[in-house]
Amino acid sequence: MRPAGEPEPGAGSDRLKVSVADYAVAAGRTLATSGLGSCLGIALYAPESGVGALVHPMLPFREDAGRPRERFVDSGVRLALEALSAREAGPVEAKLTGGATIVRFEADPDGPVGERNVAAAREVLAAEGVGLVGEEVGGDAGRSMRFDTATGQVVVRRTDGVETVL
Amino acid sequence: MQVDIQSLETFNRLARDGARSAAASLSELTGIDTNVEVTNVSLMAPADLRYEFVGRRFSGVHIGLDGALSGETVLMFDSEARAAVTDVLVPSDDPEMERSSVKEVGNIMTSGFIDGWAEHLEAGIDITPPDYVEGSGAEVLPTSTLAGDEQVFVFRSRVEAVSDAIDFRMCFVPERAALTSALEAESDDTVAFEKLEVFNEMTEQGAAKAAGNITSMTGLETDVEVNRLSFVPIADIPAAVGDQPYVGTVLEYHGRPSGYLVILFDRPSARSVVDALVPTETDGAWGEMEQSAIEELGNIMTSGFIDGWANVLETSIDHSPPQFVADMGSSIMSPVVGRMARDQDHAFLLDSTIETDDDGVFRCEIFALPDGDELREVLGELLVDRADEIHADPDEVF
């Protein structure tokens, strides 16, 4: 987990892979992540500066301050927004994918975690005043995504073969 | 000897930081940017470690450690990674120069890997001059893993380049006595090293039983090829399973311990299983009949696997009906580890690979993720200190 403000790793290459429960900030490059099941891929893009962040959280809300911020939707989004703000990136908009229900567990009284992740993302983005300008969420298929921070374009590829451009 | 779980977490972090530091050195020397994909510490039989490297060519450096943490490290580049490194550093096509550049880069990267450990232990670690190693599979592994059958602790990291399909691996095998004194218990949160070994052996027996179930149901001759118990950061588990497509079942088990069991076949193997189980011609899709065939097999394999644990641990463990899944491995694991990530940062991952004899044509992976606290508790209650004193004979209970 990189603290915000540290130099980006791989600053010389054109594609940066974001792991589960991690995030990255970049300009002019592609941020990519895969293995999105119930997890979310949240692309945050500042069109004025062309700076973007990709967050890959696993769970909706961080209730224990001892847990890593990147792991949760609410704290992960805020962490990435802080990093964008530190770069004076300007107003930010969001695109959202993931949140599938690949496995339905017996003891999920609040509903599948994928759906709760999507709800949490909408809630925290609204609370932070970030417009949600595109989404491809839910269903029962895994996803990979590529986020081109040069243009703000997000390409989502589902494991059932459907590709969506956001 | 008690293993302190907190120390195990700390050591895992040191291995990750060390791998990052090695990756940063590589980047500085060659401009190749990398991402640390997986770091874990596994307890496994040397033969199982060797099996994992069969058939692939590696080159790199072997370095011996002495002092605060004695043991061996090997840094291995696969063929593509080696070519990428030498392309940058050796403009001419000179094999001798290429070897020496790999040796130099490997030496600098290994130093980066080791520094954090020395700092943590507040003591010096002496390193031997690097030996260039090159060969297929096990030829490049630490020499301590080439003989004997006593289980070894192996710290491993897999690091991939961000833009190319190249990777390198760090493999650190500490000497058992050195590791056990470094992991000496500082808290009550401990588990006996010997019990982990017993549990690992039990799991292998359970996997063997599950392999036997595959054979009796499908006629495919299968065997357990690799079995290991890893202690792994939760967020690394999807990457450890990988992005390739799988078909299989996921279920929850309840009892002591509770947890999750994921059985995954690669697609051709799943197809072989279905062809053997479903007598009528199917259209190639994963329809209802195919799904229930896979679920039924998952159910029987699970019973073989879980019943063995319950017998040895003298507890009762029930499981939910298996759920059919067909997706990329990492996506299948994401909801499972998501649930565990609510209150764990690290997890014990038991991973067994079942294959047909040596040809690798049929492949099934079993991943068992027991709740960490519950596993510690039940192992704590196991009335054995050593594997050879166990009162339950694995051959009888499985």
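**View 1. The second largest pocket holds about 360 Å³ of space.** The model is predicted; local features need pLDDT of at least 70, side-chain atom pairs count only at pLDDT 80 or more, and totals for chains, interfaces and linings use all residues. Residues are numbered from 1 along each chain as written, chains are lettered from A and ligands numbered from 1 in written order, and side-chain values use heavy atoms, without hydrogens and water. A pocket is an open set of points on a 1 Å grid over the protein atoms alone, where a 1.4 Å probe fits, with protein on both sides within 12 Å along at least five of seven lines. Its volume is the space filled by probe spheres set on the points, which are joined across faces, edges and corners. The second largest pocket is lined by 17 residues, and A141(A), T159(A), D160(A), A326(B) and D327(B) are the closest to its centre. Lining residues have an atom within 4 Å of a point.

**View 2. Strands of chain B contribute to this lining.** β11 (245–255) and β14 (323–328) of chain B each supply at least two lining residues. β14(B) gives the most, with five. Strands are DSSP runs of E, at least two residues, and helices are runs of H or I, at least four, numbered from the N terminus. By class, the lining has ten nonpolar, two polar and five charged residues. Nonpolar covers Ala, Val, Leu, Ile, Met, Phe, Trp, Tyr, Cys and Pro; charged covers Asp, Glu, Lys and Arg; the others, Gly among them, are polar.

**View 3. A cis peptide bond joins R256(B) to P257(B).** Omega is near 0°. P257(B) sits in the loop between β11 and β12 (259–266) of chain B.

**View 4. E88(A) and E122(B) are non-glycine residues with positive phi.** Phi is about 50° for E88(A), in the loop between α1 (73–86) and β6 (93–98) of chain A. E88(A) is exposed, at 72% relative accessibility (exposed, over 50% with a 1.4 Å probe, protein chains only). E122(B) has phi near 50° and lies between α4 (95–121) and β5 (125–127) of chain B, in a loop. E122(B) is also exposed, at 75%.

**View 5. Domain 1 (2–182) meets domain 2 (190–397) in chain B.** The bounds come from an automatic or database domain assignment. The domain centres, over C-alpha atoms, are 28 Å apart. In contact (heavy atoms within 4.5 Å) are 26 residues of domain 1 and 25 of domain 2. The buried area is about 2,400 Å², with 53% from carbon and sulfur atoms. This is the accessible area (1.4 Å probe) lost on putting the two parts together, summed over both. I5(B), L43(B) and Y51(B) lose the most area in domain 1, together 26% of what that side buries.

How values were computed:
Buried means under 20% relative accessible area, exposed over 50%, partly exposed in between (1.4 Å probe, protein chains only).
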